[in-house]
Amino acid sequence: MQKIMGSHLTLDHFRLASFSLPSSLLHWSKPPPSRTWTVVMTYQQDYLSPCLYPLSALSDIISTVEFNHTGELLATGDKGGRVVIFQREQESKNQVHRRGEYNVYSTFQSHEPEFDYLKSLEIEEKINKIRWLPQQNAAYFLLSTNDKTVKLWKVSERDKRPEGYNLKDEEGRLRDPATITTLRVPVLRPMDLMVEATPRRVFANAHTYHINSISVNSDYETYMSADDLRINLWNFEITNQSFNIVDIKPANMEELTEVITAAEFHPHHCNTFVYSSSKGTIRLCDMRASALCDRHTKFFEEPEDPSNRSFFSEIISSISDVKFSHSGRCIMTRDYLTVKVWDLNMENRPVETYQVHDYLRSKLCSLYENDCIFDKFECVWNGSDSVIMTGSYNNFFRMFDRNTKRDVTLEASRENSKPRAILKPRKVCVGGKRRKDEISVDSLDFSKKILHTAWHPSENIIAVAATNNLYIFQDKVN
C-alpha cells in the first residue's frame, strides 16, 4: 500500500463516506439549534447489544443514512450490505404526534461480499453511499454502492396478482396445449401489500480504488462516482462504460501527495461539481471547459497558520465531506476538528468556521494511536441552509445556527431513547472543576461516534446513526 505525504497515511486512511441531502429546496421557518428536540423513534438491529457488540455482528453497523427528496422515506445502509428503508407514518386526527414516526418499509440485500481474483483482494459488502432519485411515478429509485460496484434499485409496491392463465395451472406449472379447450381472460386479484426491491442497473468494473462518493446530477440522466484518484461520469441507461472526468493519479505512484476524499454535483447546474482532497483543498470544476476536468475552475484553500503547525496538521486538515448548500451559493466542508462554509465567489478563505470539538486538540496523539484521527465525519445542511449539523464522539452531535451564531451539543443515547423524551444539551469540561451536568474530556468514549447524519429536506426532523442504532429526532414545535 502506498504511503502518502511522508507519514503513516495510506489510501485506506482517506476512504470515507460522503453524504448529501436532496437538492430540492422547500421554504420553512428555520429553527435555531437552541430549540428543544425530542426523540421520535430508535431503531436497532435485532441481536446487537447497544454498547458492546461481538465482532461477528459488525455487519449491523450503519454506514450511511439518506432521506429521499420528499422526506417521506429514509434509507440506511450497513456494513453487511443491507439497505433498510423506513416510511413516514401518515398523520391521523387522533395521533398527530405520530406524524414524525418512521416504520420499516422494505429491507433488501444490496451487495454481497466478492473476491477480486486478479488482485487477490476481498471486496466487502459494506454500503458506502445511498442516493435517491426524484420520484417520477409510483416506484422509487435509489443508487447504492460498495467499494467497487454501484447499483440502481427500483422499490415498488404490489397489492394485486394475476390469475387465470391459459398456459399455466394454478400452481404455475405449464399445461399441455392439447388439453386447453377454452380461452380465459386473466384477471387481477387483491393480495396483501408487498414491497419489492429489484436491481435495474449494475455499474461495475470502472474503479481501481475504493468508491467514496456518488452524486446524482441535476439533469437526472447522469451521476458520478469518485474513488481515491478518479471521478467517473455515468449515464443511467449505460452500464458497460463511463467517462473519466477527473484523474489525479501520477505516472509514478511515489509522487502521490493527495487523494480525492469526496465529490458532489451542484444542485442546479448540471455542468458544475466539486471535489475535496486529503490536503484540505476544494476544487470546483466546469465540464463545459474541457472534457477532462484535471484543470479546476476554482481552487479553495485556507492558508495554514505557521504557529499551529504540528505533526498532525496534514491529517486533521484532510476534508472528510463536502456539500453544496441547497441554494448552490455555498460549499460546506468537514475536516477532523471543524466545519467550514465557503462562498463560491471567495476562494482564499472560508466565510464561516465552526469548531466541532476543539477540546480534542490536546488528545491528537492518543487519537492517532487508536486510529480515531482517521474517522470520516459527515456534515449536513437543514432545508433552508441556516443550520449545520455534524457528528462527534461519545454519541454527541453538534448543531450550528449560521444566523444567531449559537451552537448546541446533543447526545443520541439508548438511555434517553423513550419516544418524545426531550434531549438535554451536553457540555464537555476541558479542565478545572467539572459541573454536575458536564462531562470531562477524559471520560469521552471514542468507540461511540456519530459519523452519519441526515436532515429532512423541508422539516425539523433529523436522523442520526450511532453504530447499529438509528435515532430520529424532531423539533418539539413539530
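**Pockets, cavities and cores in a predicted model**

Reply: Let's start with the holes: this predicted model holds three cavities of 30 Å³ or more.

Me: How do I read empty space in general, and what is the volume of the second largest cavity here?

Reply: Rolling a probe the size of a water molecule over the atoms shows where empty space is left. Here, the second largest cavity comes to about 50 Å³. Its lining is made up of I315, S318, S320, D335, Y336, I373, F374, D375, K376 and F377. Sorted by class, that gives five nonpolar, two polar and three charged residues.

Me: And the second largest pocket: how many residues line it, and which lie nearest its centre?

Reply: There are 29 lining residues, with E302, E304, S313, S317 and K340 nearest the centre. The space inside is about 740 Å³. By class, the lining splits into nine nonpolar, 10 polar and 10 charged residues. As for elements, α1 (313–316), β24 (338–343) and β25 (352–355) each give at least two residues to the lining.

Me: OK, now the cores. Which members of the largest nonpolar core touch the most others?

Reply: In soluble globular proteins, nonpolar side chains tend to be buried together. In this case the largest core has 22 residues, and Y336, L360, L367, I373 and L444 touch the most other members. Helices α1 and α2 (364–369) each supply at least two of its residues, and the largest share, three residues, comes from α2. A separate core of 19 residues includes V387, M399, A421 and W455.

Me: What does I373 contact, leaving aside its neighbours within four places in sequence?

Reply: I373 is in contact with F312, I315, I316, Y336, L364, L367 and Y368. You've met I373 already, in the lining of the second largest cavity.

Key:
Residues are numbered from 1 along each chain as its sequence is written. This is a predicted model: local features need pLDDT of at least 70, side-chain atom pairs count only at pLDDT 80 or more; totals for chains, interfaces and linings use all residues. Side-chain values use heavy atoms; hydrogens and water are left out. On a 1 Å grid over the protein atoms alone, a cavity is a set of points where a 1.4 Å probe fits but cannot get out, and a pocket is an open set with protein on both sides within 12 Å along at least five of seven lines; lining residues have an atom within 4 Å of a point. Grid points are joined across faces, edges and corners, and a volume is the space filled by probe spheres set on the points. Helices (H or I, at least four residues) and strands (E, at least two) are DSSP runs, numbered from the N terminus. Ala, Val, Leu, Ile, Met, Phe, Trp, Tyr, Cys and Pro count as nonpolar, Asp, Glu, Lys and Arg as charged, and the others, Gly among them, as polar. A nonpolar core is a set of buried Ala, Val, Leu, Ile, Met, Phe, Trp, Tyr and Cys residues joined through side-chain atoms within 4.5 Å. Buried means under 20% relative accessible area, exposed over 50%, partly exposed in between (1.4 Å probe, protein chains only). Contact means heavy atoms within 4.5 Å.
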